[in-house]
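Hi there,

Here is the structure I promised to pass on. Please have a look at it first, and then read my notes below.

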Amino acid sequence: MQTAENKIKADIAAILQRHIYEGNIKHHIEPFAGKYIVADKIICEHRLVVAPNGKAADELQAIMPDVLVGCGGYADLRLPPTSSALIYCDVTSTTPDDGFWLWCRQRAADNHKVFILAAAAPTDFTPIWRGSGKIIKLHTYGGTQWQK
C-alpha cells in the first residue's frame with residue numbers, strides 16, 4: 001500500500017517529468033533536500049540534489065547512487081547558462097525568506113522552470129497542485145496552470 005508521502009512524491013514527480021519531456025530539459029535540480037525529494041524518480045540527463053551539510057549529502061548519496069549530491073545553499077548554485085533547467089524546491093519544513101522568492105523569480109527570468117512545494121507562496125506564484133487533505137501545494141512562477 002502506498003503511503004501518503006510516497007503518493008505526494010509520485011504526483012509531484014509526474015508533473016515535473018511532464019515538464020522535463022515537453023521542454024526537452026536536460027537538468028533537474030533540487031536545491032533543498034526536503035522530505036519530498038523526487039530526483040531519484042525523475043528521468044533526466046543530469047540530476048542534482050543539494051544537501052545542507054556533508055552528513056546529509058552522504059546519507060542522500062547512499063540512497064540515491066545515480067543522482068549527483070552536493071552541499072551548499074540555493075544561492076550558491078551555478079546553473080547551466082545555455083539551457084534551461086527544472087528547479088524543484090521542497091520548502092515544506094522551512095519558512096523561505098524574501099531572498100528565496102526573489103531568487104526563484106530570477107531563475108524563472110533566466111528561462112529555468114521553477115517549482116516550489118510549500119504551504120504558501122507570494123501571490124505572483126501560481127499553485128498548480130494540491131495534495132489531497134494536505135495544506136501543501138506545488139507552486140510555479142510564470143504561466144503554468146492547475147494540474148489537479
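The side chains of His28 and Glu30 are joined by a polar contact of 2.7 Å. Please bear in mind that this comes from a predicted model. His28 sits in strand β1, which covers residues 27–30. Is His28 buried or exposed? With a relative accessibility of 0%, His28 counts as buried, because anything under 20% falls in that class. Leaving out residues up to four places away in sequence, His28 touches Leu16, Ile20, Val38, Ala39, Ile42, Cys44, His46, Arg47, Leu48, Leu86 and Tyr88.

Next, a residue from a helix. Leu60 belongs to helix α2, which runs over residues 54–63. Leu60 is buried too, at a relative accessible area of 11%. Which residues does Leu60 contact, once its neighbours within four places in sequence are set aside? They are Ala33, Ile37, Val49, Ala51 and Val69. One of these partners, Val49, is 11 residues from Leu60 along the chain, and the C-alpha atoms of the two are separated by 8.4 Å.

Now to the cysteines, since you may wonder about disulfides. A disulfide is a covalent bond between the sulfur atoms of two cysteines. How many disulfides does the count give? It comes to zero, with a pair of cysteine sulfur atoms needing to be within 2.5 Å to qualify. Cys71 is in no disulfide, and the nearest cysteine sulfur to it, that of Cys89, is 17 Å away. For Cys104, the nearest cysteine sulfur is also that of Cys89, at 4.9 Å, and Cys104 is in no disulfide either. Why does Cys104 fail to pair with Cys89 by this rule? The reason is distance: 4.9 Å is not within the 2.5 Å cut-off. As for their surroundings, Cys71 counts as partly exposed at 48% relative accessibility, whereas Cys104 is buried, with a relative accessible area of 0%.

Last, the pockets. The largest pocket has a volume of about 160 Å³. Its lining is made up of Pro31, Phe32, Ala33, Gly34, Val50, Pro52, Gly72, Gly73, Tyr74, Asp90, Ser93 and Thr94. By type, the lining residues divide into six nonpolar, five polar and one charged. Ala33 may look familiar: as well as lining the largest pocket, Ala33 is among the contacts of Leu60.

Happy browsing, and all the best!

Conventions. Residues numbered from 1 in each chain as written. Predicted model: local features only at pLDDT ≥ 70, side-chain atom pairs only at ≥ 80, totals over all residues. Heavy atoms only, no water. Helix = DSSP H or I, 4+ residues; strand = E, 2+ residues; numbered from the N terminus. Buried < 20%, exposed > 50% of the residue type's maximum accessible area, 1.4 Å probe, protein only. Contact = heavy atoms within 4.5 Å. Polar contact = N/O pair within 3.5 Å; in protein donor to acceptor, adjacent residues only side chain to side chain. 1 Å grid on protein atoms, 1.4 Å probe; cavity = no way out; pocket = protein on both sides within 12 Å on 5 of 7 lines; lining within 4 Å. Points joined across faces, edges and corners; volume = space filled by probe spheres on them. Nonpolar A, V, L, I, M, F, W, Y, C, P; charged D, E, K, R; others polar.
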